Amino acid sequence: MRILLVEDDEMIGESVMAGLEGEDNAVDWVRDGNSALLALNTHTYSIMILDLGLPGKDGLQVLRQMRARRDPTPVLVTTARDTVNDRIMGLDSGADDYLIKPYDLDELSARIRALVRRAAGRADPVIVRGDLRISPATREVVYRGVPVILSSKEYALLAALAERQGVVWSRAQLEEKLYNWDNGVGSNAIEVHIHHLRKKLSDSAIKTVRGVGYLLET
Ligand code: CA
């Protein structure tokens, strides 16, 4: 999934970025509030991880502004300000969850999965689409009862296709999910990954909707 990380601490930012990218996510990292609002305006993110103490516009202002313009992106607030009042203010300003620094990367990942699952309206942690089962916690994929080994990008692509039932995804939307703004996208990268996925699953697993995009067969 595509994640927006808003963090002005270089050391925390680097370790979170490395941890999340190691789990097949595409992460855009910004270091201040205005850049966060700009990124939210230009891209669609599965979730934003928002530090509250930021130079210039702070995290609470970012939250209030994005919610005021009805941006529904799930927000996980991270902060060193551990007072009940700060937590209440954050949640009341539109945060979906809270993590106190220093936090554990595995816990961060688990909370991200829970928030994204909730945003997609799913209660079950395993995504089931027809013959396909995806476990986001372990990134295990089973097709027609058989485990399938996927590359990092193949997994990210399949997870994106499975995110919402019956949705046709355009190539541009899929690129947006798979690549952050530092990694250039090859012109036919999505087609190549789709080709590999069909080989590993089956030709009928992913449908091409001519002129529109791709649809996961269910
Ligand atoms: Ca900070």
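Is Arg 70 buried or exposed? In this predicted model, Arg 70 counts as exposed, because its relative accessibility is 75%. The residue is situated in the loop that links helix 3 to strand 4 (75-79). Its backbone has a positive phi of about 60°, although Arg 70 is not a glycine. A second arginine, Arg 144, likewise shows a positive phi, of about 50°, and is not a glycine either. Arg 144 belongs to the loop between strand 8 (140-143) and strand 9 (146-148). Most residues other than glycine have a negative phi, and most peptide bonds are trans. The peptide bond from Lys 101 to Pro 102 is cis, with omega near -5°. Pro 102 is placed in the loop between strand 5 (97-100) and helix 5.

The calcium site was examined next. The calcium ion has three protein donors, namely Asp 8 (OD), Asp 51 (OD) and Gly 53 (O), at distances of 2.1 to 2.3 Å. Along the chain, these donors are spaced as D-x42-D-x1-G. Asp 51 has a relative accessible area of 4% and is therefore buried, the limit being under 20%. Gly 53, in contrast, counts as partly exposed, because its relative accessibility is 35% and this class lies between the 20% and 50% limits.

One of the donors also takes part in the surroundings of Gly 59. Gly 59 is located in helix 3 (residues 59-68) and, at 0% relative accessibility, counts as buried. Apart from neighbours within four places in sequence, Gly 59 is in contact with Leu 50, Asp 51, Leu 52 and Leu 54. Asp 51 is thus named both among the contacts of Gly 59 and among the donors of the calcium ion. The C-alpha atoms of Gly 59 and Asp 32 are 8.6 Å apart in space, while 27 residues separate the two in sequence.

Helix packing was considered for three pairs. The axes of helix 1 (residues 10-21) and helix 5 (residues 105-119) come within 10 Å and cross at roughly 60°. Helix 1 is therefore oblique to helix 5, and the crossing of the two is right-handed. Helix 1 contributes Ser 15, Val 16, Gly 19 and Leu 20 to the contact, and helix 5 contributes Leu 105, Leu 108, Ser 109 and Ile 112. By residue class, this contact of helix 1 with helix 5 comprises 5 nonpolar, 3 polar and no charged residues.

The second pair consists of helix 6 (residues 152-162) and helix 7 (residues 171-178), whose axes come within 10 Å and cross at roughly 125°. This angle makes helix 6 oblique to helix 7, and the crossing is right-handed. On the side of helix 6, Lys 153, Ala 156, Leu 157, Ala 160 and Leu 161 form the contact, and these residues meet Leu 174, Lys 177 and Leu 178 of helix 7. The contact of helix 6 with helix 7 divides into 6 nonpolar, no polar and 2 charged residues.

Helix 7 also packs against helix 8. Their axes come within 10 Å and cross at roughly 85°, so that helix 7 is roughly perpendicular to helix 8. Arg 171, Leu 174, Glu 175 and Leu 178 of helix 7 make this contact with Ile 190, Glu 191 and His 193 of helix 8. The residues involved divide into 3 nonpolar, 1 polar and 3 charged. Leu 174 and Leu 178 are named in the contact of helix 7 with helix 6 and also in that of helix 7 with helix 8.

His 193, which lies in helix 8 (residues 189-200), connects the descriptions of these helices. At 15% relative accessibility, His 193 counts as buried. With residues up to four places away in sequence not counted, His 193 touches Lys 153, Glu 154, Leu 157, Leu 178 and Tyr 179. Among them, Lys 153 and Leu 157 belong to the helix 6 side of the contact with helix 7, and Leu 178 to the helix 7 side.

Beyond helix 8, Ser 202 is placed in the loop that leads to strand 10 (206-209). Ser 202 is buried, with a relative accessible area of 12%. Neighbours within four places in sequence aside, Ser 202 is in contact with Tyr 143, Arg 144 and Leu 197. Arg 144, one of these partners, is the arginine described above with a positive phi of about 50°.

Methods. Residues numbered from 1 in each chain as written. Predicted model: local features only at pLDDT ≥ 70, side-chain atom pairs only at ≥ 80, totals over all residues. Heavy atoms only, no water. Axes fitted to C-alpha atoms, helices over the stretch in contact; angles between N-to-C directions. Helix = DSSP H or I, 4+ residues; strand = E, 2+ residues; numbered from the N terminus. Parallel < 35°, antiparallel > 145°, perpendicular 65-115°, else oblique. Left-handed = near helix turned anticlockwise from the far one by under 90°. Contact = heavy atoms within 4.5 Å. Nonpolar A, V, L, I, M, F, W, Y, C, P; charged D, E, K, R; others polar. Donors = N, O, S within 2.8 Å, 3.2 Å for Na, K, Ca; no water. Buried < 20%, exposed > 50% of the residue type's maximum accessible area, 1.4 Å probe, protein only.
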